[in-house]
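Subject: Structure handover and notes

Dear colleague,

I am passing on the structure below, together with my notes on what turned up in it. Please have it open while you read, since the notes go from one part of the chain to another.

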Amino acid sequence: MREILETERLTLREITKADLPILYRIFGNAESMRFYPRAKSFEETEAWFEKLAFRSYEESGFGLWGVVEKASGELIGDCGVTLQPTPKGLEPEIGYHLRREWLGRGYAAEAAAACRDFGLGSLGFGRIVSIVSPENIPSLRVAARIHRRWEAYRTVTAAGAEVDRFLFISDRNAGEPVGSTPNAETRAAMAEADALLVMRRHEVES
């Protein structure tokens, strides 16, 4: 398996078929998938990584990668870059999923920030994004920490439902002087407040 990048505590590497039973602990778990329509079967998990990892590696040169904690050598989840639809069309998007027992240690933000830098640097993207549901406050706070700006938009799901989403954005040539934006913790609090406003507005409209 090919290693892609590393951080202080993590190694991100290509996923193999042998990793799928471990990753299924995430995708087959209802609590881990609470911001998705439902938990996935093993076959659906395999199809997910066939598209967003194995096929993406071949067609795009990037995809979802396995996240390995260096200290233990254990596969704790996935994080990477895939092409996803946004209001501007298909864009490179950072996504991640960690096993529940590894949450709360800062690993999601550490892996996502590394993918941001790799996407804007080695992969040559001018812009990279994260798409988050306003209800998903933990992921929203991670995205606000690694991106400097965001915007809300509405889209329609595959099931035909109209939903709100937040688009977090990092630009390679943003031209922003140091100190021009709030620090990461303040951005996270601001994004959470924005999400609560969006959810309340949706409740009123409903």
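How many aromatic pairs does a search of the whole structure find? The search returns 9 aromatic pairs, and please keep in mind throughout that this is a predicted model.

Two of these pairs are described here in detail. Phenylalanine 27 and phenylalanine 49 make an edge-to-face pair, with 5.2 Å from centre to centre and 80° between the planes. This pair links distant parts of the chain, since phenylalanine 27 belongs to helix H1 (residues 20-27) and phenylalanine 49 to helix H2 (residues 42-60), 22 residues apart. Phenylalanine 27 is buried, with a relative accessible area of 0%, and phenylalanine 49 is likewise buried, with a value of 0%. The second pair is formed by tryptophan 65 and phenylalanine 118, again described as edge-to-face, with 5.8 Å centre to centre and 85° between the planes. Here too distant parts of the chain are linked, with tryptophan 65 in strand S3 (residues 64-69) and phenylalanine 118 in helix H3, 53 residues apart, and both of these residues are buried. Returning to phenylalanine 27 and phenylalanine 49, these two form one aromatic cluster together with Tyr36 and Trp48.

Some of these residues reappear in the nonpolar interior. The largest nonpolar core has 41 residues, and those with the most contacts inside it are Leu12, Ile15, Phe49, Trp65 and Cys79. Helix H3 (residues 107-120) gives the most to this core, with 10 residues. A second core, separate from that one, has 12 residues, including Val132, Ile137, Leu140 and Ala191.

Cysteine 79 deserves a paragraph of its own. Leaving aside its neighbours within four places in sequence, cysteine 79 is in contact with Leu12, Leu64, Trp65, Val67, Ile94, Gly95, Tyr96, Ala111, Ala112 and Cys115. Cysteine 79 is buried at a relative accessible area of 1%, and cysteine 115 is buried as well, at 0%. You may well ask how many disulfides a search of the whole structure finds. The search finds 0 disulfides. Why do cysteine 79 and cysteine 115 not count as one? The closest cysteine sulfur to that of cysteine 79 is the one in cysteine 115, and it lies 3.7 Å away, which is too far for a bond, because a disulfide requires the two sulfur atoms to be within 2.5 Å. Seen from the other side, the closest cysteine sulfur to that of cysteine 115 is the one in cysteine 79, at 3.7 Å.

Threonine 82 sits in strand S4 (residues 74-86) and is a buried residue, with a relative accessibility of 5%. The side chain of threonine 82 makes a polar contact of 3.0 Å with the side chain of glutamine 84. Apart from neighbours within four places in sequence, threonine 82 is in contact with Leu52, Phe62, Gly63, Leu64, Glu91, Pro92 and Glu93.

Further along the chain, strand S8 (residues 162-171) is mostly covered, with 7 of its 10 residues buried. Which strands pair with S8? Strand S6 (residues 127-132) pairs with S8 in the antiparallel sense over 6 bridges, and valine 132 stands opposite phenylalanine 166 in S8. Strand S7 (residues 149-156) also pairs with S8 in the antiparallel sense, over 8 bridges. Arginine 154 stands opposite aspartate 164 in S8, while glutamate 151 stands opposite leucine 167 in S8. The hairpin of S7 and S8 has 5 residues between the strands, and in it glycine 160 takes a positive phi near 90°.

Finally, is glycine 104 buried or exposed? Glycine 104 is found in the loop between strand S5 (89-98) and H3, and with a relative accessibility of 84% this glycine counts as exposed. The C-alpha atoms of glycine 104 and glutamate 135 are separated by 18 Å, these residues being 31 apart along the chain.

With best wishes

Notes: Residues numbered from 1 in each chain as written. Predicted model: local features only at pLDDT ≥ 70, side-chain atom pairs only at ≥ 80, totals over all residues. Heavy atoms only, no water. Buried < 20%, exposed > 50% of the residue type's maximum accessible area, 1.4 Å probe, protein only. Helix = DSSP H or I, 4+ residues; strand = E, 2+ residues; numbered from the N terminus. Pairing = 2+ DSSP bridges. Core = buried A, V, L, I, M, F, W, Y, C linked by side-chain atoms within 4.5 Å. Contact = heavy atoms within 4.5 Å. Polar contact = N/O pair within 3.5 Å; in protein donor to acceptor, adjacent residues only side chain to side chain. Phe/Tyr/Trp six-rings, centres within 6.5 Å; stacked < 30°, edge-to-face > 60°.
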